[in-house]
Amino acid sequence: MTMTVTTTPTGDLTDAARLRAAVDFVAEQDAAALLPRLLPGLDGPELASVLEHCRFCHAALLVFPADDTELPALLADCGLDASCAPRPSVVVRDRLARRHDLPPAELDVTIHRPPVPSAEGDLRTVEVFALTVAPGSPAEAIAADERARQHEAHVAFQVVRPDPLVLRGLHAAFLGQGAAPDGGGYNHHENGTVLYFTVPAHSPSPYRRIELYAPGDHRDLLAAHLADQQSRLPAEALLRQLTGAWTTQALAVCARLGLADVLRTDEALAPEGLALKLGADAGSLTSLLRYLAMLGAVAEQPDGFRLTERGVLLREDAPGSLRALALLYGGPFYRSFAELEHTVRTGEVAFDHLHGENHFDHFARHPDLAELFDRSMAASSHMFEPVPAHPVLVAAAARAARTTVVDIAGGTGELLGRVLAAHPSLHGALLERPQTIDAARVLLHKAGHGDRCAFHPGDFADVPAGGDVYLLSRVLHDWDDDRCRAILRHCADAMPDHADLLVVERVLPDDGTPSLATAWDLHMRCNVGGRERRAEHFARLFADAGLTLVDCSPLPLDATVLQVRKGGAAPA
C-alpha cells in the first residue's frame with residue numbers, strides 16, 4: 001500500500017508530484033468555498049463583496065530544474081503547455097535573495113504560467129517559479145531548504161477591476177479576517193502589483209499564503225502594505241500572542257452565556273436587547289461582542305451584531321458544534337494550563353499538581369466534567385470524516401463473511417458510528433469505561449446502529465478478541481511510552497493475524513512545519529501526562545508490541561491514520 005498523496009503543498013514530494021498536486025488543486029477549486037477556508041469568518045455580504053471584485057486565478061510553487069530541458073519536460077508530463085514564454089520574477093527573486101543572504105543578480109528566477117481548465121469553466125493557471133540548480137552546485141542547499149519549507153507556495157486572487165478604492169477595500173477585508181502582510185512587490189516586466197498575506201493560524205487550508213494580484217502600478221498601497229508588515233514585527237506580533245488567553249476566555253464566555261444561541265445569522269441584534277435576554281451588563285457585553293467581531297465569531301453592523309458561520313459553531317445544537325471544547329479549554333484545562341511552569345520545570349503533570357489526581361480520576365468523580373469531556377471529544381470529530389473510506393475498512397466491508405470493527409476506548413462511539421453508517425455490512429464492538437458506555441449505547445441506537453454493535457464495559461486489558469479491524473483513536477497521546485506499549489500489547493494479543501489496527505493521532509512533523517500537533521504536545525504534557533509523537537517514534541512503540549507500521553494517511557485537523565499489522569503479517 002502506498003502513502004496517500006493529497007493536494008497539500010508539502011515539502012516531502014518531488015517537484016513533479018508537487019506540480020501535479022497544484023494542477024489538480026487549481027482545476028477543482030471553487031472560489032466561494034476556498035476563500036472561507038483561507039480566511040475563516042469571511043462570510044455573508046462581505047464574502048459576496050470580495051467574490052464580486054476578485055477571482056481565484058492560480059496556485060503557485062517553486063521548482064528547481066537541473067537544466068533548461070527539465071522544466072519543459074516536467075510541464076509536458078503534467079499535461080501543461082510547455083511553450084508558454086517565461087517572464088523574469090522580480091518579487092520571488094528578491095524574497096529568495098533576502099532569505100539566503102545572496103545578491104539578487106545571482107538568482108535567475110523565472111515565472112511560467114501554463115493554463116489549467118477549471119471545473120467552473122474559467123481559465124486559470126498554475127504559477128511555476130523556476131530556479132535552475134545544476135547537480136552538485138552550492139545552490140542545491142537552497143533548493144533543499146525551499147522544497148522543505150515551501151515559502152513560495154500560495155494561492156492567488158486577481159482583482160477584476162483594480163480601482164484604488166476597490167483594491168484598498170479588498171486589502172482591508174483580508175486584514176480584517178486575520179491575514180497578515182507577508183511582503184509583495186511591483187513587477188515592471190508585466191506592470192502588476194503583488195500583495196502577499198499569511199493566512200490566520202486557525203485556517204484549515206493547506207496553503208498558508210495568499211497573493212492578491214492587481215494589474216497596474218499600485219506602489220502606494222504596496223508601500224502601506226509593507227509598512228504594516230514591519231509594524232507588526234516583532235513587538236506587535238508578540239503582543240498579539242501575549243493576549244491569546246483573552247481570546248480563549250472570550251470564546252468560552254460566549255459559549256457559557258449562550259450568546260451564540262440568541263444571536264441571529266441573518267439579522268443584527270442590538271447589544272442592549274441581548275444583555276436583557278442573557279442577564280448581562282450591556283456595556284461589558286458590547287465590549288465582548290466587539291472583541292468577538294475581531295475574532296470573526298460575530299460581525300458588527302450599524303444596528304448591532306450578527307453571528308458568523310464560525311460563531312455558529314459555539315451554539316449548543318449546531319452541527320459540528322465546538323461549544324464543549326470552548327467550555328473545556330476555557331474551564332478546567334484553562335486553570336491547569338496556568339500551571340504550565342510546573343510541568344516545564346519538573347516534567348510532572350500540571351493538572352495532577354493542581355487537583356491532586358489525574359484528569360481521568362478527577363472527571364470520573366465529577367459527572368458534569370466527565371460529560372463535558374466526552375462531548376468535547378465528539379466535537380472535534382471532523383477529523384474522522386475520511387476514515388470510513390480508508391482502504392482497510394473498504395476491503396473489510398467487501399468481505400462475504402461477518403466482519404467486526406472493534407473501537408478501543410471509543411468514547412461515545414462517534415468514530416464507530418461513522419464507520420457503521422458508511423458500511424452497513426460491518427458489525428461493531430465498542431470498549432469503553434462503564435460510565436461512558438451507557439451514553440454510547442444510547443447514541444448508537446439512536447443512529448440506527450445499535451443492533452450491529454456490541455458494548456463492552458472495561459479497560460485496555462479487556463480488548464475484545466477476534467475482530468477484523470481495530471480502531472485506536474486519540475488514545476496513545478494520553479499516555480507515556482510505557483503505558484502505550486502495554487496498551488498496544490493488549491491490542492496485539494487480541495488481534496488475529498489477519499487483522500488491521502488503525503491508529504488515529506496527531507503526528508509531530510519532522511521539519512518544524514506549523515501543526516496542531518505541536519500545540520497539542522504541550523497541552524498533553526501539561527494536562528494529561530501524555531504527548532504527541534513523530535512517525536518514527538510511533539513505529540518504535542508498535543515494534544516493541546510486536547506490531548509493524550504499514551502506512552500513514554493524512555486526516556483533517558493535522559491528524560493521521562497509522563495503519564498497523566502484526567509483525568510479519570502480510571496485508572490482507
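Here, buried means under 20% relative accessible area and exposed means over 50%. Keep those cut-offs handy for the exercises below, which use a predicted model.

**Exercise 1.** Is D521 buried or exposed, and which residues beyond its sequence neighbours is D521 in contact with?

*Solution.* Start with the location: D521 sits in helix α24, which covers residues 516-527. Next, take its relative accessible area, 15%. That is under 20%, so D521 counts as buried. Now skip the neighbours within four places in sequence, and you find D521 in contact with L508, R531 and E532. As for A297, it is 224 residues from D521 in sequence, and their C-alpha atoms are 26 Å apart in space.

**Exercise 2.** Work out where L242 lies and whether it is buried or exposed, then find the patch that includes it.

*Solution.* Helix α8 spans residues 219-242, and L242 is in it. Its relative accessible area is 61%. Since that is over 50%, L242 is exposed. Together with L238 and L239, L242 makes a nonpolar surface patch, and the three share about 320 Å² of accessible area.

**Exercise 3.** Find the largest nonpolar core and say which helix gives the most to it.

*Solution.* First, the core itself: it has 47 residues, and L19, V126, F157, F174 and L212 have the most contacts inside it. Helix α1 (residues 15-28) gives the most, with 6 residues. Zoom in on V126: leaving out residues up to four places away in sequence, V126 touches ten listed partners, including L19, A22, V23 and L80. Finally, there is a second, separate core of 33 residues, with L292, L307, F333 and A370 among them.

Key:
Residues numbered from 1 in each chain as written. Predicted model: local features only at pLDDT ≥ 70, side-chain atom pairs only at ≥ 80, totals over all residues. Heavy atoms only, no water. Patch = residues over 30% accessible without salt bridge, like charges linked within 9 Å, V, L, I, M, F, W, Y side chains within 5 Å. Areas by Shrake-Rupley, 256 points an atom, 1.4 Å probe, with all protein chains shown as cover. Salt bridge = Lys/Arg side-chain N within 4 Å of Asp/Glu carboxyl O. Helix = DSSP H or I, 4+ residues; strand = E, 2+ residues; numbered from the N terminus. Buried < 20%, exposed > 50% of the residue type's maximum accessible area, 1.4 Å probe, protein only. Contact = heavy atoms within 4.5 Å. Core = buried A, V, L, I, M, F, W, Y, C linked by side-chain atoms within 4.5 Å.
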